[in-house]
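I sat down with this model to look up its interior, its open spaces and a few single residues. My entries follow, in the order in which I looked.

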Amino acid sequence: MLKKIVHNKWFYFVLIFFFMLLFNIYTFYIMDDYEYMMSLSIHNPVDLFIALKDFYFAWGGRVLAHFFAFSFLSLPKWIFNIINSVIYTLNVYLVYLIVFSKKEIKYYYLFFIHIILFLFTPAFFQSFLWVDGSCNYSFPAFFQLLFLYYYLNYSNHSSFSLFLLGVFAGMGNENSSLSIIVLSIVYFLFHFKDWKKLIFPVIGLIGGYLFLFFAPGNFVRLTDSNTSFFTNFFPKLLYLLKISLPLLPFFILIVIGLKNNKKEQFLSFCFFLGLVVSVFSMVISPILNLRSFTFSFFYVLMIFLFLFKNISKRWIINGVMILSCFFFAVTTISTFQEYLHVHEFLRNREIIIEESKKNHESEVYLKTYQNSRNCRTPYSCELFDLSDDWNAFPNKYMELYYDVDRIIGY
């Protein structure tokens, strides 16, 4: 009975889904969520289309991401909690499908993939739990991983379906979409005999990316903020070089560790190339933040899995998995304790706001996440919170959301 459960993929799907659902339930609206909820009025598909058009021409090209963000922020949060947990679970499954062939039935790796993502993703909470963050990184990653899976198995799928997937994958994120274009072109060149099958997905990718990158809103935003694509170019380049130092030995491991499996060695090379592009293309981004490297970490994860599953000594694989489960359990317990604290902290905020409204106070003073319990969780540390300037972001949108005159952080 236990053996059947361990080798049943649905067991891991359910386990991962409910893990994410629990954390989603305890994640509040934060940052941009308030802005979109209060600045948009979406009641039907026409309103959504108008909001996306305005966004495209005034702010940026991530229409795909903000289709989901605007939709979810106009609906009850429990809907997002469920769908976001499903998308994350599918992302885990897609990583598994890309790395493991149909002959390799090793479904316990599904949970191992989840463990690695939870423990090592640069900004897990921002990329997979925060509403706007998930819509900008986890949801586009779903289309991009789905595209990679079908593109790498192109012989079984129609060119038109791959073209459409390419368009969606290209519309994802600036750095991750560019990396997939480069990866796909290299894969195309090495499989040139099937160029008729592979050319349309690449065209779809490039078309989606051009739609994303050359959105009028990108240039309007740069003009308004007095920055450019090359602001602080060399400091950013030095930073990216610093965090990328492990990439060289990682590449050497690919060559050595997969010398007996040419297909996986080639795919790892493609993913490594995608990793380099996704990281270093950020040098022209006006702002660097850890969540921008979410898809970069997917590349790292897939390359690692290619190497890890080819280790000949079984005791090493079992030992790493057991240790990973131990650290995962410890981290999950401590993190969820902090989540409960943050949940209680934010509930107390709402109580203070309600009491202030009853007393007709014009100003509401609220402690920030950073000043709460020394900021022990990424959820309370990495996200931009209230300011001591009542007119700053996100104060003014929280004021609209809670219908108060002023909210001041301290």
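**Entry: Gln-144.** I started with the contacts of Gln-144; leaving aside neighbours within four places in sequence, they are Ala-169, Gly-172, Asn-173, Ser-176, Ser-177, Ile-180 and Phe-295. A reminder to myself: this is a predicted model. I placed Gln-144 in helix H9. Is Gln-144 buried or exposed? Gln-144 counts as buried, because its relative accessibility is 0% and the cut-off for buried is under 20%.

**Entry: the nonpolar core.** Next I looked up the largest nonpolar core, which has 121 residues. Which of them touch the most other members? I found Tyr-109 and Phe-271 in that role. H9, the helix of Gln-144, turned up here too: H9 gives this core its largest share, 13 residues. I then listed the contacts of Tyr-109, again leaving aside neighbours within four places in sequence. They are Tyr-96, Phe-100, Leu-305, Phe-308, Lys-309, Ile-317 and Met-321.

**Entry: the second largest pocket.** I noted a volume of about 460 Å³ for the second largest pocket. Its lining has 24 residues, and those nearest the centre are Leu-97, Phe-100, Ser-101, Lys-102 and Asn-153. Phe-100 was already in my notes as a contact of Tyr-109. Which elements give two or more residues to this lining? They are helix H6 (77-99), helix H9 (131-152) and helix H16 (262-280). H6 gives the most, with five residues. By type, I have 14 nonpolar, five polar and five charged residues in the lining of this pocket.

**Entry: the cavities.** How many cavities of 30 Å³ or more are there in the whole structure? My search gave three. The largest cavity has a volume of about 60 Å³. Ten residues would be a short list to read through, so to speak, and here are the ones nearest the centre of the 10 that line the largest cavity: Tyr-34, Leu-346, Arg-349, Met-398 and Tyr-402. Helix H18 (314-358) and helix H20 (395-402) each supply at least two lining residues, and H18 gives the most, with four. I sorted the lining of the largest cavity into eight nonpolar, no polar and two charged residues.

**Entry: Arg-349.** Since Arg-349 is among the residues nearest the centre of the largest cavity, I gave Arg-349 its own entry. Arg-349 is found in helix H18. Arg-349 counts as buried, because its relative accessibility is 5%. I also looked up a distance: the C-alpha atoms of Arg-349 and Asn-84 are separated by 26 Å, and the two residues lie 265 residues apart along the chain.

**Entry: Leu-245.** Where is Leu-245 found? I traced Leu-245 to the loop between helix H14 (233-243) and helix H15 (247-257). Leu-245 counts as exposed, because its relative accessibility is 61% and the cut-off for exposed is over 50%. From the C-alpha atom of Leu-245 to that of Ala-51 I noted 42 Å, with the two positions 194 residues apart along the chain count.

**Entry: cysteines.** How many disulfides does the structure hold? I found zero. I looked up two cysteines all the same. Cys-270 is buried, with a relative accessible area of 1%, whereas Cys-325 counts as partly exposed at 38% relative accessibility.

Terms used:
Residues numbered from 1 in each chain as written. Predicted model: local features only at pLDDT ≥ 70, side-chain atom pairs only at ≥ 80, totals over all residues. Heavy atoms only, no water. 1 Å grid on protein atoms, 1.4 Å probe; cavity = no way out; pocket = protein on both sides within 12 Å on 5 of 7 lines; lining within 4 Å. Points joined across faces, edges and corners; volume = space filled by probe spheres on them. Nonpolar A, V, L, I, M, F, W, Y, C, P; charged D, E, K, R; others polar. Disulfide = S-S within 2.5 Å. Buried < 20%, exposed > 50% of the residue type's maximum accessible area, 1.4 Å probe, protein only. Core = buried A, V, L, I, M, F, W, Y, C linked by side-chain atoms within 4.5 Å. Contact = heavy atoms within 4.5 Å.
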